[in-house]
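Colleague: I am new to reading protein models. Could you walk me through one, feature by feature?

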Amino acid sequence: MTFALSVSLGIMACGGSSFGGAVITATDNVGNVETIPSKGGVSIFYDVVSPTAILTPLATYQTQAPFTVEWSGSDTGSGIAGYDVEYWDGSIWQVWHTSTPLTSSGFTGNDGITYTFQVRARDNAGNVSVWSTGITTTIDAIAPESQVSAPANSQTADFEVTWSGSDATSGIVSYDVQYKDGDGAWTGWQTDTSAISATFSGQMRHSYHFQSRARDLAGHVEAWPIQP
C-alpha cells in the first residue's frame, strides 16, 4: 500500500518571533484522506532577534576589592539563557564569565589598575547579542600620605608652614592641617584645603606643633599621625 503525505503549516508572526504549528495527514492511492486530528500536531517557535545586554555604571574609583559588577538584559522571544562577561586590564580582553545565568559578580583586581568590562547575552534560541558598551573603573585601595614642615625657630610671631603629600593612583585633592600650642589640644587650622602652605600667626615664646592629613579623589582620608 502506498500513500501521499500532506503537511499543513500555520505561522503567526510577533515582532522578531513567530509561533507556528504543523499537522500531517495521509492520502492513499484511491483518494481516501485521513481526518485532520482535533488535537496533536507539532508546535514550532521561531526566534530570529538577538537579545540585548547592558552593564550598570561603576564609580570612577573602587576603594576596596572585590567590588560588585552588575549587568542585565532583555529578550522578546525565547528568553535569555546566559551572559558572557569580559574585562580589559590594559593589555588584552580576559574572559571572566561564560554563559552564566548570574547578573552580578564580585571582581577582585589589583590596586592601581584600571579595568573595563563588557557583556553580551545569549537567548534560548541560540541568538547572541553584540558586546555592550564598556564601563570603566580604577581600583584605589590605598590612602594617601602627607607631611608638614615648619621652621624650628622663628624670629617673628608669623611664620610659614608648608605641607605636601603623595598618592599612587587617584591623586590628592585636599589637606587638613592642625596645630597645638605646647601640650594643649589639637586645633583645626586648615580644613579641606588644596593649598600647600599658609602663614601661621602665633605668639612669641610659644612652642607650636603641626600635623597634616591628605584625602584623595577616591575618597580615602589619611589617618592622623599616631602621637608618641
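Modeller: Happily; we will go from the overall make-up to the sheets, the cores, a pocket and some backbone details. This is a predicted model, in which local features need pLDDT of at least 70 and side-chain atom pairs count only at pLDDT 80 or more, while totals for chains, interfaces and linings use all residues. Residues are numbered from 1 along each chain as its sequence is written, and side-chain values use heavy atoms, with hydrogens and water left out.

Colleague: How many helices and strands does the secondary structure of the protein come to?

Modeller: Helices (H or I, at least four residues) and strands (E, at least two) are DSSP runs, numbered from the N terminus. Here there are zero helices and 17 strands.

Colleague: Which strands form the open sheet, and in what order?

Modeller: Strands of a sheet pair through backbone hydrogen bonds, either parallel or antiparallel. Two strands are called paired if DSSP finds at least two bridges between them. The open sheet of five strands runs β5-β11-β10-β7-β8, with mixed pairing. β5 (61–62) and β8 (93–100) are at the edges with a single partner strand each, so one side of each has no neighbour in the sheet. Looking at one pair, β7 and β8 are antiparallel over five bridges, and Tyr83 is opposite Thr100 in β8.

Colleague: What other strand pairs could I trace?

Modeller: Try β14 (residues 172–181), which pairs with β17 in the antiparallel sense over nine bridges; Lys180 is opposite His209 in β17. β14 is also joined by four bridges to β15 (residues 187–193), again antiparallel, with Thr193 in β15 as the bridge partner of Tyr175. β14 and β15 form a hairpin with five residues between them, and Gly182 in its turn has a positive phi of about 60°.

Colleague: Along β4, which side chains are buried?

Modeller: Buried means under 20% relative accessible area, exposed over 50%, and partly exposed in between (1.4 Å probe, protein chains only). By that rule, 32% of the 228 residues count as buried. In β4, Ala53 and Leu55 point to one face and are buried, while Thr52 and Ile54 point to the other and are not. β4 pairs with β6 in the antiparallel sense over four bridges, and the bridge partner of Thr52 in β6 is Ser74.

Colleague: Which residues have the most contacts inside the largest nonpolar core?

Modeller: In soluble globular proteins, nonpolar side chains tend to be buried together. A nonpolar core is a set of buried Ala, Val, Leu, Ile, Met, Phe, Trp, Tyr and Cys residues joined through side-chain atoms within 4.5 Å. The largest one has 17 residues, and Val69, Trp71, Trp96, Phe107 and Phe117 have the most contacts inside it. At least two residues of this core come from each of β4 (52–55), β6 (67–74), β7 (80–88), β10 (114–123) and β11 (135–139). β10 gives the largest share, four residues. A second, separate core has 10 residues, including Phe159, Trp163, Phe200 and Phe210.

Colleague: What does Val69 touch, not counting residues up to four places away in sequence?

Modeller: A contact means heavy atoms within 4.5 Å. Among the residues that Val69 touches on that count are Leu55, Trp96, Phe107 and Phe117.

Colleague: What lines the largest pocket?

Modeller: The search uses a 1 Å grid over the protein atoms alone; a pocket is an open set of points where a 1.4 Å probe fits, with protein on both sides within 12 Å along at least five of seven lines, and lining residues have an atom within 4 Å of a point. Grid points are joined across faces, edges and corners, and the volume is the space filled by probe spheres set on them. The largest pocket holds about 310 Å³. It has 16 lining residues, with Ala152, Asn153, Ser154, Phe159 and His206 closest to its centre. Eight of the lining residues are nonpolar, seven polar and one charged. In this grouping Ala, Val, Leu, Ile, Met, Phe, Trp, Tyr, Cys and Pro are nonpolar, Asp, Glu, Lys and Arg charged, and the others, Gly among them, polar.

Colleague: Where is the cis peptide bond?

Modeller: Most residues other than glycine have a negative phi, and most peptide bonds are trans. The cis bond joins Ala65 and Pro66, with omega about 5°, and Pro66 is in the loop between β5 and β6. For a positive phi, see Ser99, near 50°, in strand β8. Arg205 also has a positive phi, near 65°, and lies in the loop between β16 (197–201) and β17 (208–216). At 86% relative accessibility, Arg205 counts as exposed.
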